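Trainee: Got a minute to go through this one with me? I'd like to talk it over piece by piece.

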2 protein chains.
Amino acid sequence: MFMKKKRPSLKDIAEVLNISTTTVSFVLNGKGAEKKISKELIARVETYLKEINYKPNLVARSLRTGSTRVLVFMVEDISNHFFSKVGRLIEDICYKNDYRVLFCSTENNVKRTQELIHLFHERQVDGFIIVPPPGIEKEISYLLENEVPVVLFDRKIPELEADYVIINNYEGAKQSTQHLIDSGYKNIAFITIDLDQIQMHDREAGYRATIENAGFEPQILKLPYNTSNVVASREKMKDFFKSNKNIDALFFATNYLSQSGLKAIHQIDPQLINKLGIISFDDSGFFEMYSPTISAFAQPVDEMANQLMKILLNKLKNKEKPKPVKLVLEGTLVERESSSKK
Amino acid sequence: MFMKKKRPSLKDIAEVLNISTTTVSFVLNGKGAEKKISKELIARVETYLKEINYKPNLVARSLRTGSTRVLVFMVEDISNHFFSKVGRLIEDICYKNDYRVLFCSTENNVKRTQELIHLFHERQVDGFIIVPPPGIEKEISYLLENEVPVVLFDRKIPELEADYVIINNYEGAKQSTQHLIDSGYKNIAFITIDLDQIQMHDREAGYRATIENAGFEPQILKLPYNTSNVVASREKMKDFFKSNKNIDALFFATNYLSQSGLKAIHQIDPQLINKLGIISFDDSGFFEMYSPTISAFAQPVDEMANQLMKILLNKLKNKEKPKPVKLVLEGTLVERESSSKK
DNA sequence: GTGAAAGCGCTAACAG
DNA sequence: CTGTTAGCGCTTTCAC
């Protein structure tokens, strides 16, 4: 018969060393000097802590302090090149500020996002960076009302007084479209997603304005948004490409649409790709690897990460809330083989 | 002057309703009937809980119960197709068992992995599924000693008495190599990583045995493992391909090596890919999308997820530890365009 | 059927 | 300089 060895607590340590838990706690938290505990005692405690490889119970600490020092970065899909890049940068900034950060993917699914928000809020995380899926307004308001620090990212929610960092989608779509026009393409189609999200509307509007301004005809394919059925989407793209043979260039509204589109193009005819101009909104590691390499309108990931964290850390520090920060950044066109002059 | 509205606690609720916290707690946890609380009281409490949209403080609950009902799935890179697929399946099983699961990437970095293990252990997660990077033995032993449920995945650590779920890498490499031989390739090179990990050794051994058995010459390129310097790796591949013109097929030891290799091949000559036989260990969403589509040796993701969770849930339930479960599963060859007969 | 009260492990105000 | 102690919000035993 044996007992499960219980993890030692501060109290256990205090008993062994014949001192109070207060002293141990102070030393543990590096407040020994500040609290004027003698060098010898500090050394004795630290040695013992190291010896038994003591790990404090952070659940208890969090309950006591009311802070977990954990933040959450909640995006549509953390494996997406754009989000993972920003995530990585954010992680570094968090560590420097003695915060930890957890990543998770909403898959643009409201229900899943609600669950994630509650999961983390109930576990008392200190703050959120969220790419809000459509329909999540209520949960965001809930966090706001409860004065949980939240910064929106990639999309804003117009009716909400929340901080956000986004890019100028309209301008990016204009530049991308204009680039294809400048490269000599005349029948440029826009492939987008049938989702009532402001950033998608802006991209479409940018495309439309540029095409019409050049005296061309907009041609738009709107795919239903359902990650589960990529095959059906690809079939729709194939049908669209086949029945609109006049198209000589494609502008994809997101990087995952591009990837699906490239596959569709390949399935129609492996040579077809070399006859089309292609550009994608959002960059991807994949684009540099494809043959030909694929042009993209890239978002300013460094600046986004810096700004997001600056806003969030500020909210974490100052409990009284200032006016929401609303940031609209500019992206840059990355010209690769797929959009060169034909 | 206003006060930050504190989240209501069980005590607040009890006061408002003029009952004890015990009763509220019982109702909250669905134990009303079991504890024979009157239907009316249950209804009254539930109504009020809903009305104020009460969210329990799970940090407090965890401190009290000693369980967070959170598990961690710690892999090399969660954006890797193989790991994200398994992760998704595991997530479903967790939810069904009323556990939550957190995902994170070790990047095969020991220091990072140590920090992650401690981060989560200090926060009292209930269990771990870990793809162990080389050099992490000590931390895993630490968890084992503290009787934290751990299951290793994708790789075992021979000197450790830990549960694990892996595949037969030797057999998979043999099948993959044999498939290239059967397709008529004669000079098959193996591209691998210079990492002292058992699964890499097994893959190499499987390749070597099959090649020698067919009377051919093994040709192996070992790249240094450093995710940071993909460009340098790619340059090494290019040099290797250029200075070994006799090579007519390539067997990549991991899916990320394949992706890097495909890029190298493209950079040498966009047409070169069509002259080479290619197969990759581990499948990837990318392979189905590439032109040509890339063959792969795929791991049995469903079975892996099921077995991992079966083992972990069992450990969570039965505190006395049984003998470690050591599972070696078989993968399957997915034949695509890149390895067809030339 | 319901409530009082102890206690999970930690921090920090206060006392000495 | 160090210790006593209250209490974070919750669960659960025991009492009535």
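Mentor: Sure. One term before we start: contact means heavy atoms within 4.5 Å. Also keep in mind that this is a predicted model.

Trainee: Okay, what covers the buried residues of helix 5 of chain B?

Mentor: The buried residues there include B:Phe82, B:Phe83, B:Val86 and B:Ile90. From chain B, their cover includes strand 1 (70–75), strand 2 (100–105), strand 3 (127–130), strand 4 (150–153) and helix 13 (301–317). Chain A also takes part, with helix 6 (110–122).

Trainee: How far apart are the end C-alpha atoms of helix 5 of chain B?

Mentor: Start from the 16 residues, 81–96: at 1.5 Å a residue they should span 22 Å. The model agrees with that, the end C-alpha atoms being 23 Å apart.

Trainee: And which side chain reaches the backbone nitrogen of B:Phe82 at the start of that helix?

Mentor: Look for a side-chain oxygen within 2.9 Å of that nitrogen. The residue it belongs to is B:Asn80.

Trainee: Now the DNA. Which element gives the largest share of the surface near DNA strand D?

Mentor: Polar side-chain atoms of A:Arg64 and B:Arg64 lie 3.0 Å from a base nitrogen and 2.5 Å from a base oxygen, respectively. Helix 2 (21–28) and helix 4 (58–65) of both chain A and chain B each give two or more residues to that surface. The largest share, four residues, comes from helix 4 of chain B.

Trainee: How do the residues of that surface divide into nonpolar, polar and charged?

Mentor: In total, 27 residues surround DNA strand D, with B:Leu10 and B:Tyr54 among the closest. They divide into nine nonpolar, 12 polar and six charged.

Definitions and conventions. Residues are numbered from 1 along each chain as its sequence is written. Chains are lettered from A and ligands numbered from 1 in the order in which they are written. This is a predicted model: local features need pLDDT of at least 70, side-chain atom pairs count only at pLDDT 80 or more; totals for chains, interfaces and linings use all residues. Side-chain values use heavy atoms; hydrogens and water are left out. A residue is near a molecule or strand if one of its heavy atoms lies within 4 Å of it. A polar contact is a pair of N or O atoms within 3.5 Å; within protein, one must be able to donate a hydrogen and the other to accept it, and residues adjacent in sequence count only if both atoms are side-chain atoms. Ala, Val, Leu, Ile, Met, Phe, Trp, Tyr, Cys and Pro count as nonpolar, Asp, Glu, Lys and Arg as charged, and the others, Gly among them, as polar. The expected span of a helix is 1.5 Å times one less than its number of residues. Buried means under 20% relative accessible area, exposed over 50%, partly exposed in between (1.4 Å probe, protein chains only).
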